[in-house]
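The exercises below are meant to be worked with the sequence and the model open side by side. Try each task before reading its solution.

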Amino acid sequence: MKKTFLLLFSLMCGIVAQAQPSIEVRNLQRAMELLDATMHRSFRGTEDNLYMADVCDAETDAVSGPSDVWPYTAAIEAHCSVLEALESLKDIAPDVYYEHHDRYLHQLDVLINNLSYYRGTYTLTSYATRRTWSVYAVPRASQPNKGNVTGDNLKFNVYDDQMWIARELIRAYRLTGKAEYLSDAVHLTDYVLDGWDCWNDDNGEEYGGITWGPGYNSKHACSNGPIIQPLVWLSNLYRETSPQATVTYYFREPDNTLASRAMLRSELYLDFAKKIYAWQKKHLLNSTTGVYWDMLGADNILQYTGTGAQRRRAHVDNGNPTGNAYTYNTGTMLAGATELYLVTGDDEYKNDIPSLAVRSYNAFTKPKNIDGIVYRQWPTDNSALQGFNVWFDNVLMRAYVDADPTGLSAYSSRSLETFQTNLDYAYDHYQKNGFLPIDLLGGWNGSTKTKGFHQASFAAEYAMLAIWQHRISASARIQSSTTIKAQPTTHCYTLTGIPIDREHSSLPFGIYLTGGQKHIVTPTR
């Protein structure tokens, strides 16, 4: 009798264990739960007039005010991340893929279509040109394509918002194949590059840097770093699909006369990715901490030179680096270094990846003891209504996901493990009606008010962790069977579909797609 009971118990345990999803599938499921709650509780309106509420109460569902475009973009990001995770896990969770993929694809289209409520058109006089642009304002308008992009002396549109949107539009293009998403991303990227300070100093060297927006003279880490990764993506896309595509680039000669020349888009975008990376590293890297300052300050009184058709924006000197060190400003540079390393193989980027990974971990995490277990806590805010550290941390986390396959730093995976642990702790202890508190290790702290911005960020994190965990599992499966060194080919892609124009023999350790097959590459260095 006892043996029979033990046998039945063992069989039951085996069935329960078999029913438990793998960690990557569980991460994806939690990402979808958080995203579904965000869409249900923080969004209002119809598919033709949909907006994200700025604040939502996790208990009462009371909301207030439409959000600005930046938080709204986080919902687009979360959908792209969930869709990428569904694609990555399709082979091991086909039922999850087929049940949810088309629904999220439709929601992504709806969200992007409703970006039109932020969009406006105006003519900008910049450092080298005077052109008309259709870009996105900070506040939401009451009608499509009526965004107030010129408000408060051009301060109602900022370059970093365009960068975040361009990034997600490129991802959306890769997920859907919709040419209009890529076209808009290219337009926004060209607009951002038009904000590059191309005036030259007395030595004929460009001052460089992109101001926070066309109405500002200050140059911020957040208005430079975020465009590096999308620039490399676009360079790769054009090199792979339209290698002869050109664009007219406007700039200033070393003597500051206006000039222009036709350039291949693939070359222009890669050149600018390198230039912006170099500028930010030179001016905003804190050599003591190893992470990035917030900005170079300046007065915000715009200056112009010339008259009539020759009137252009003038250079204004900046002060010293200042402001807080936020996680996302280091995250965009870590992501940028990774992309540039994959494309160029340059030692500078190769060395920067482990440096940024370890120093960001040391600079931004603090130990927190809970019931005898020591966790590592990332920056958080005192209130969900003040500060944006949830999303800032998300940007750094996804940079670790990008950097981890290079195998250049154990701190990428170590950092990702802390994100996994902290999210799981909050989910298991504090999840309230599908929402998590911004203080993942501390709870709601007496207030149930939150933002869709935060919840979309958590959803995106869980989705990217699903991709990361699946990559680890796939690597273990492939490594246990055979190690394949594929033949040199230009048709090589990362697991997220980014083309790499390098031979396998010079690629860092990681899993790549070649000829429709996954291969682990272990090059000799």
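**Exercise 1.** How many of the residues of α2 are buried?

Solution. Before counting, note that this is a predicted model, in which local features need pLDDT of at least 70, side-chain atom pairs count only at pLDDT 80 or more, and totals for chains, interfaces and linings use all residues. Residues are numbered from 1 along each chain as its sequence is written, and side-chain values use heavy atoms, with hydrogens and water left out. Helices are DSSP runs of H or I with at least four residues, and strands are runs of E with at least two, numbered from the N terminus. Buried means under 20% relative accessible area, exposed over 50%, and partly exposed in between, with a 1.4 Å probe and protein chains only. By that criterion 14 of the 20 residues of α2 are buried, and the helix is mostly covered. For the protein chain, 56% of its 525 residues count as buried.

**Exercise 2.** Check the span of helix α6 (residues 159-176) against the span that 1.5 Å a residue predicts.

Solution. The expected span is 1.5 Å times one less than the number of residues. For the 18 residues of α6 this should give 26 Å, and the end C-alpha atoms are 25 Å apart, which agrees. As for cover, 15 of the 18 residues of α6 are buried. After the helix comes Gly177, whose phi is positive, near 75°.

**Exercise 3.** Describe the surroundings of Asp393, starting from its place in a helix.

Solution. First, locate Asp393 in helix α12, which covers residues 389-403. Next, look for a salt bridge, that is, a side-chain nitrogen of Lys or Arg within 4 Å of a carboxyl oxygen of Asp or Glu. Asp393 is buried yet has none, and the nearest side chain of opposite charge, Lys366, is 12 Å away; here Lys and Arg count as positive and Asp and Glu as negative, while His and the chain ends are not counted. Then turn to polar contacts, which are pairs of N or O atoms within 3.5 Å; within protein, one must be able to donate a hydrogen and the other to accept it, and residues adjacent in sequence count only if both atoms are side-chain atoms. The side chain of Asp393 makes such a contact with the side chain of Thr327, at 2.9 Å.

**Exercise 4.** Is Asp255 buried or exposed?

Solution. Asp255 is exposed, because its relative accessible area is 54%. The residue lies in the loop between β7 (246-252) and β8 (258-264), and its side chain makes a polar contact with that of Thr257 at 2.8 Å.
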